[in-house]
Amino acid sequence: MNNTAKLAIWRGEGASGGQWERYEVPFEPGQSVLDGLRWIRANRDPSLAIRFSCINANACKECMIELDGKTVYACTARLEPREMKLHPLSNKRRVRDLVTEIAPPAERFLK
Amino acid sequence: MNPDPMHVETDVLIIGSGAAGMYAAIEAARAGRSVFLVDRSLIGRGGATVMAQMTVAVALGSETPDHWSHHYDDTLAAGRELCDRRLAQLLCEEAPICILEMEQWGIGWARKNGHIAQAFAPGHDRPRCVYVDFLNTGPAVSKTLRAVVTRDKRIRKAGDLLTVDLAKVDDEVAGAVALHLPTGTPVTIAAKATIIATGGLTRLYQRNSASANMGGDGYALALRAGAPLIDMEFVQFFPIGHLAPRLIGMDPIMWDPFRYKLGGRLLNSEGEEFTARYGVSEDGRYVVTRDLATYAIIKEVEAGRGSPHGGAFLSFRHCSGAELRAAFGPVIDRLARNNIDLTKMPVEVAPIAHYHMGGVVADERMQTELPGLLVAGEAVGGAITEALVFGRRAGQSAAARATRMTAQPFRPEAARTSLDLLASGTDRTDINTAAMVASLQRTMANDVGPFRAAARLKRALVSIEEMVRALGERPVADGGAFDLRRLEWFDLRNMLLVARTVAMAALARTESRGAHQREDFPGMLPQWRVNQVARLGGGEIALARAPAAVEALAK
């Protein structure tokens with residue numbers, strides 16, 4: 001039943017610079033993109049940055065990223081056996097890798 | 001690589017922005033105090049509150065006549081003689097105030113024939129649970145409180161701010177030291193009163209209904225500052241957490257409201273309703289308490305009558321499609337997108353770590369043993385009702401202290417050790433922090449789960465000590481923004497301390513009571529009608545027994 005997703009992930013710090021890095025992620029049908037990102041952190045590279053809290057419930061709404069150019073929640077997009085391009089939200093300030101500044105200014109420590 | 005520390009001064013510091021933290025912030029600001037509300041994640045988004053899909057118990061009396069004393073009696077009965085009666089009374093008596101205030105703030109509790117609807121739930125003697133349709137109670141609580149917090153200019157808010165340690169001057173808590181995750185900036189916070197509202201510890205377990213933030217931060221902060229914890233062995237497992245088929249975009253606790261509304265049948269692999277074998281016959285109703293259902297499911301699995309993935313079946317096949325849609329509307333479509341049709345198939349469910357009943361020792365003002373330190377919500381133990389009532393009370397008590405104090409007790413020396421720790425991080429590659437979290441979660445699930453025995457608990461303590469050694473004294477830090485390895489190092493520092501406390505308390509309690517079940521010590525013993533209190537001293541956890549607080553509050 002195991003499939004492999006080829007994740008191309010935009011990695012880099014701040015607004016400028018960065019590169020695509022590629023990871024092969026084994027998965028079982030039904031697993032989410034966030035499952036895949038967490039697998040990469042535990043098994044390949046823990047320095048990969050992704051913002052999430054609730055993991056599975058789609059309640060915290062923190063894991064918004066772009067998948068193949070479309071905005072998705074990583075926790076509800078499913079892994080597929082093909083190349084999937086993951087990019088930080090392009091309309092938000094980039095922090096690191098897939099993490100962007102998504103809090104309203106009044107809820108940030110530094111505006 | 002380490003930016004210079006920044007400094008913030010406030011009357012009241014609140015750590016955690018779930019329901020407890022936000023209610024506390026509103027209450028402290030209402031008393032005229034300045035408030036700094038911080039969260040390691042985003043404000044009002046990352047805790048447990050937003051994930052609570054189901055219901056809130058309150059003696060509102062809108063469905064059938066009720067009085068807080070009935071809610072109190074049910075609470076004590078469920079507490080297996082260990083409840084702090086002062087806190088139980090406070091909870092039951094003041095819950096209606098909070099629920100009605102939430103209604104004024106526009107939460108929109110579900111209504112029936114013009115009154116606020118109250119559903120029946122196991123452990124309660126009458127319909128007592130209010131909710132927001134559909135499966136939207138927690139998000140609605142969060143959104144409502146966040147809107148009030150946003151309007152109040154006396155409340156400064158900061159997400160992405162991880163509290164690393166409390167700052168102490170003599171024996172008083174005088175604020176905290178934090179880390180701003182996006183920039184790596186250390187932050188010192190001076191506060192006349194500090195409230196821990198960080199939620200529980202269910203992230204310690206492999207299968208849990210928590211968010212990634214619930215690693216017991218508040219318990220660890222309190223322990224290291226010298227405040228004791230109580231009842232840490234009592235981790236509540238929710239018996240019917242979703243197990244299979246793979247379901248995404250839903251909280252695994254979602255079957256609870258299904259059972260409230262539609263009953264449902266809990267079946268073993270032979271298709272029988274089995275809870276009667278363990279003392280409670282359900283017959284399609286939802287009456288069995290959580291600890292008994294957890295016990296029953298695990299015993300059925302052990303007896304070879306479990307579902308394929310190692311749980312039980314939950315069936316709603318007796319319900320028509322129309323009934324299901326009337327009860328859960330759009331949720332039925334979300335299930336369909338996961339290829340689940342409840343009219344045709346059962347789902348598999350199994351116990352899942354759900355919330356913590358122990359917590360930081362506090363009195364009825366939510367005051368801990370340490371002056372300047374208060375606590376609220378699941379950090380004291382409990383769920384949404386506790387978050388609202390204890391949050392409100394903690395906010396009042398913190399404001400009262402801040403009003404009394406003319407000067408900040410904070411001194412820069414109070415932050416030095418924690419700032420040095422933050423500055424000592426190096427780009428270690430000898431450990432994978434994400435893998436270590438997963439490893440700890442497996443250890444806790446396998447050896448410190450709902451069913452316990454001395455040999456497995458001791459094995460867990462050995463694993464935990466090995467992980468403490470591997471974690472080492474110096475944080476992982478790569479000097480970059482949003483450094484998740486650095487965050488996880490500090491998380492593991494907390495999680496391992498709390499995991500050790502839970503395992504030690506579970507090993508010491510040589511009986512079975514409520515959520516703490518020992519295979520090697522079945523049955524409840526009268527000599528264990530005591531709470532266990534844990535303190536940290538010289539790097540060691542010390543446990544002491546204290547008689548349960550059986551005195552009710554003076555009327």
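1. A word on burial before anything else: buried means under 20% relative accessible area, exposed means over 50%, and partly exposed is in between (1.4 Å probe, protein chains only). By that yardstick Glu63(B), at 21%, is partly exposed, and Lys112(B) is partly exposed too, with 38%.

2. Some housekeeping. This is a predicted model, where local features need pLDDT of at least 70, side-chain atom pairs count only at pLDDT 80 or more, and totals for chains, interfaces and linings use all residues; side-chain values use heavy atoms, with hydrogens and water left out. Residues are numbered from 1 along each chain as its sequence is written, while chains are lettered from A and ligands numbered from 1 in the order in which they are written.

3. Back to that first pair. Glu63(B) and Lys112(B) meet through their side chains in a salt bridge of 2.8 Å, N to O (a salt bridge being a side-chain nitrogen of Lys or Arg within 4 Å of a carboxyl oxygen of Asp or Glu). The two residues are 49 apart in the chain: Glu63(B) is in the loop between β3 and α2, and Lys112(B) is in strand β4. Helices here (H or I, at least four residues) and strands (E, at least two) are DSSP runs, numbered from the N terminus.

4. There are plenty of other charge pairs, with 60 salt bridges over all chains. One of them joins Asp165(B) to Arg224(B) at 2.9 Å, linking strand β8 with helix α5 across 59 residues. Asp165(B) is buried at 9%, whereas Arg224(B) is partly exposed at 26%.

5. Glu369(B) and Arg535(B) make another salt bridge, with their closest N and O atoms 2.7 Å apart. Glu369(B) sits in the loop between β16 and β17 and Arg535(B) in strand β20, so this pair ties together parts 166 residues apart in sequence. Have a look as well at Glu81(B), Glu233(B), Arg509(B), Glu511(B), Arg513(B) and Arg529(B), which salt bridges with shared partners join into one network.

6. Now the interface. Chain B gives 46 residues to the contact and chain A gives 41, contact meaning heavy atoms within 4.5 Å. Together they bury about 3300 Å², 54% of it on carbon and sulfur atoms; buried area is the accessible area (1.4 Å probe) that two parts lose on being put together, summed over both. Arg246(B), Ile248(B) and Phe482(B) supply 18% of what chain B buries against chain A, more than any other three residues.

7. Five salt bridges run between the two chains. Arg246(B) turns up again here, bridging to Asp35(A) with the closest N and O atoms 2.4 Å apart.

8. What about disulfides? There are zero over all chains, a disulfide being a pair of cysteine sulfur atoms within 2.5 Å. The sulfur of Cys63(A) is 3.9 Å from its closest cysteine sulfur, in Cys75(A), which is too far for a bond. In chain B, Cys83(B) has its closest cysteine sulfur in Cys92(B), 8.8 Å away and also too far. Cys63(A) is buried at 4%, and Cys83(B) is buried at 17%.

9. Two more buried residues to check. Thr100(A), in strand β7 of chain A, is buried at 2% and touches residues including Arg51(A), Pro88(A) and Leu89(A). Ser307(B) lies in the loop between α7 and β14 and is buried at 6%. Beyond its sequence neighbours within four places, Ser307(B) is in contact with Leu243(B), Ala312(B), Phe313(B) and Glu348(B).
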